[in-house]
Amino acid sequence: MPGIPTESPTGDRKGICAGRVAVVTGAGRGLGRAHALALAAEGADVVVNDLGVAADGAGSSAGPAQQVVEEIRGLGGRAVAHTGDITTTDGAASLVAAALDSFGRLDALVNNAGFLRDRMLVNLDEDDWDAVLRVHLKGHFLPLRHAAAHWRAEAKAGRTPQARVVNTSSGAGLLGSVGQGNYSAAKAGIIGLTLVAAAELGRYGVQLNAIAPAARTRMTEQTFAATMAAPGAGEFDAMAPENVSPLVVWLSSAASDGVTGRVFEAEAGRITVMEGWRPGPTADKGARWTPAEAGEAARRLLAAAEPPQPVYGAR
Ligand SMILES: NC(=O)c1ccc[n+]([C@@H]2O[C@H](COP(=O)([O-])OP(=O)(O)OC[C@H]3O[C@@H](n4cnc5c(N)ncnc54)[C@H](O)[C@@H]3O)[C@@H](O)[C@H]2O)c1
């Protein structure tokens, strides 16, 4: 981790996020922690949000957010902790207020907080569905909603911002993942939310993009132990969460001007633009099909179409 630039005698900070204020949700651990440190290393002042829950969302603790704030400060950066729940209106509103009260502005929101409750669909309890949809999908919507209201007010007051939002989807949301029906639905929903918000908020100076990361965190280190394993000494640690953060920092900076409504996979040394749904083979009868005709047409079109990408974990 490069050192965080200290303030120059004029108070200016160095880096592509110098002078900017960023909020990162779920920044007490894993990917969010790496993003917060990387944003601070590029000169941003950071609000480190984390509710400090267990891997399944239970409990809460102020420890993880406070620890990352101390790390950033120890490296010469500026950060404050916010330990509220981003799935509540109070938590989301106070998160935006923390940026404005502590640093006087808000430039970037990185929505990242979340947890898993994996089950095959036939065993998936309603509570596990609700909890996972809530933390990921509502947990993206509410901070976005409150940040967007602030940015719209700024734009209407003649101070159009160069605001950025980075949302966190997943390969599970893009392709589906066996045993993760709740998580896949939430992460696919985040893509829909990102597309709509990019279309609605561009006029207020707000750009939104989504990432589908992969990294070694408590969320993955057991389930995908082989893929996520740390390397031998001196080798590139491909699955370190810090490898995802440079793209997040760039997307959070003013330098990403013009990039909005896009989805990137980011892991190890690789960045991939994900190309989404678009019309494939099509047929138009110009009148209503019979079911048998519709079936024949569907089979003909499917034969001409690209095969779908496999669902993760499907046999
Ligand atoms: N690790 C991967 O390979 C991977 C892959 C795809 C997507 N993701 C996504 O990346 C994001 C970060 O995951 P991670 O792997 O770093 O997991 P992690 O468990 O290490 O970190 C998630 C953090 O979110 C916090 N959190 C949970 N609920 C919260 C709430 N309501 N309010 C505030 N904070 C809350 C937790 O306390 C935790 O510190 C998640 O959205 C995850 O779905 C991760």
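**Exercise 1.** Find which residue of the hairpin of strand 7 and strand 8 takes a positive phi, and work out how the two strands pair.

*Solution.* Begin with the turn: the hairpin has 2 residues between its strands, and Ala-268 takes a positive phi near 50° there. Strands, like helices, are DSSP runs numbered from the N terminus (E, at least two residues, for strands; H or I, at least four residues, for helices). The model is a predicted one, in which local features need pLDDT of at least 70 and side-chain atom pairs count only at pLDDT 80 or more, while totals for chains, interfaces and linings use all residues. Residues are numbered from 1 along each chain as its sequence is written. Next, follow the pairing, for which DSSP must find at least two bridges between two strands: strand 7 (residues 262–267) and strand 8 are antiparallel over 4 bridges. Glu-267 has Arg-270 of strand 8 as its bridge partner, and Glu-265 stands opposite Thr-272 in strand 8.

**Exercise 2.** Place this hairpin in the sheet, and explain why one side of strand 3 and of strand 8 is left without a neighbour.

*Solution.* First write down the order, which is 3-2-1-4-5-6-7-8 for the 8 strands of an open sheet with mixed pairing. Strand 3 (79–82) and strand 8 (270–273) stand at the edges, and because each has a single partner strand, one side of each lacks a neighbour in the sheet. From one strand to the next, the twist averages 20°.

**Exercise 3.** Determine which strands helix 2 lies across, and at what angle helix 2 runs to strand 3.

*Solution.* Helix 2 (residues 63–74) lies across strand 2 (45–49) and strand 3, and runs at about 180° to strand 3. Such angles run from 0 to 180 degrees between N-to-C directions, with axes fitted as lines to C-alpha atoms, for helices over the stretch in contact. Contact between two residues requires C-beta atoms, placed from the backbone, within 7 Å. Helix 6 (residues 181–201) also packs on the sheet, where it touches strand 5 (163–168), strand 6 and strand 7, and its direction makes about 160° with that of strand 6.

**Exercise 4.** Identify the residues that come nearest to the ligand, and sort its shell by class.

*Solution.* Among the 32 residues around the ligand, Gly-26, Gly-30, Ala-113, Gly-114 and Thr-217 come nearest, where a residue counts as near if its C-beta atom, placed from the backbone, lies within 6 Å. By class, the shell holds 12 nonpolar, 16 polar and 4 charged residues.

Methods:
Nonpolar A, V, L, I, M, F, W, Y, C, P; charged D, E, K, R; others polar.
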